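The following exercises concern charged and nonpolar side chains in a single structure. Each task is followed by a solution in steps.

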Amino acid sequence: MTKMTPDLTEARRARHQRRRDRSRDEILAAARTVLLRDGIAAVTLDAVAREAGMSRTGLYYYFASKEVLVFELVFAIWHGQAERVRDAVEGADTGEAALGAIIRATVDGYAPQLDDFRVAYLLGQVSNTSGLQLSEEEFQRIRPINDMMLGRASRMLAQDSRQDGVEPRLLSFLAFVSALGVLTMKGLVESQGDPLLYSDEQMIEALSKVFAKAAR
């Protein structure tokens, strides 16, 4: 038998990892479909496996339980949004601009896909023990996301702000949660067929001005 070279071995591993990642993503997409269509109680491993077109045994290879699957679904949304906010803040040259970048990236990131926003931020509040229950290990994975989104803005504000101003990390966090508040109201009224009086752009601009003043 011909011995495989290190390059061929690495290429095979890379292909295997790509297939594994693709299958994992397909399962998460199936779980999202079941959740949004049928509700959290309907998200069982059997239901997700059927939606993904695979066996329950095959699904077990990637996710050991419903709880792990739901967490990974939510975590993927959080992490993807955190990367978008981080990238937006990288383009800011002042603390004020960084706050505006947090607000804009959050609203613009979720507004076209409010279902993902609801899964990421409302699921844990409206579901019971069959929903999102976080372990300490999962909290440890989540916490770095906060620094990914807010760390650079906080450091920039710390260099720019007055001594008697709002603490930089808190101000960054409030900019973020204010953007989530806009999304909450947007989702609420649009689900009733009665959109907000103000456009997304108007709300982003106004909220950015409010936080720019708070940062001075």
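## Exercise 1: A pair between two helices

Arg-56 has a relative accessibility of 35% and therefore counts as partly exposed (buried is under 20% relative accessible area, exposed over 50%, partly exposed in between; 1.4 Å probe, protein chains only). The model is a predicted one, in which local features need pLDDT of at least 70 and side-chain atom pairs count only at pLDDT 80 or more, while totals for chains, interfaces and linings use all residues. Residues are numbered from 1 along each chain as its sequence is written, and side-chain values use heavy atoms, with hydrogens and water left out.

**Task.** Determine with which residue Arg-56 forms a salt bridge, and which parts the pair ties together.

**Solution.**
1. The partner of Arg-56 in a salt bridge is Asp-46, with the closest N and O atoms 3.1 Å apart (the criterion is a side-chain nitrogen of Lys or Arg within 4 Å of a carboxyl oxygen of Asp or Glu).
2. Arg-56 lies in helix H3 (residues 56-60) and Asp-46 in helix H2 (residues 45-52), so the pair ties together parts that are 10 residues apart in sequence (helices are DSSP runs of H or I, at least four residues, numbered from the N terminus).
3. Asp-46, at 36% relative accessibility, is likewise classed as partly exposed.

## Exercise 2: Pairs across the chain

**Task.** Establish how Glu-72 and Arg-141 meet, and which residues are linked in a network with Arg-104.

**Solution.**
1. A salt bridge joins the side chains of Glu-72 and Arg-141 at 2.6 Å, N to O.
2. This pair links distant parts of the chain, since Glu-72 is in helix H4 (residues 66-90) and Arg-141 in helix H8, 69 residues apart.
3. Glu-72 counts as buried because its relative accessibility is 10%, whereas Arg-141 is partly exposed at 34%.
4. Another salt bridge, of 3.0 Å from N to O, connects Arg-104 with Glu-205.
5. Arg-104, Asp-108, Glu-201 and Glu-205 are linked in a network of salt bridges.
6. A search of the whole structure finds 17 salt bridges.

## Exercise 3: The surroundings of Lys-186

**Task.** Decide whether Lys-186 is buried or exposed, and identify the side chain with which its own makes a polar contact.

**Solution.**
1. Lys-186 is found in helix H9.
2. With a relative accessibility of 9%, Lys-186 counts as buried.
3. The side chain of Lys-186 makes a polar contact with that of Glu-190 at 2.8 Å (a pair of N or O atoms within 3.5 Å; within protein, one must be able to donate a hydrogen and the other to accept it, and residues adjacent in sequence count only if both atoms are side-chain atoms).

Notes: Helices (H or I, at least four residues) and strands (E, at least two) are DSSP runs, numbered from the N terminus.
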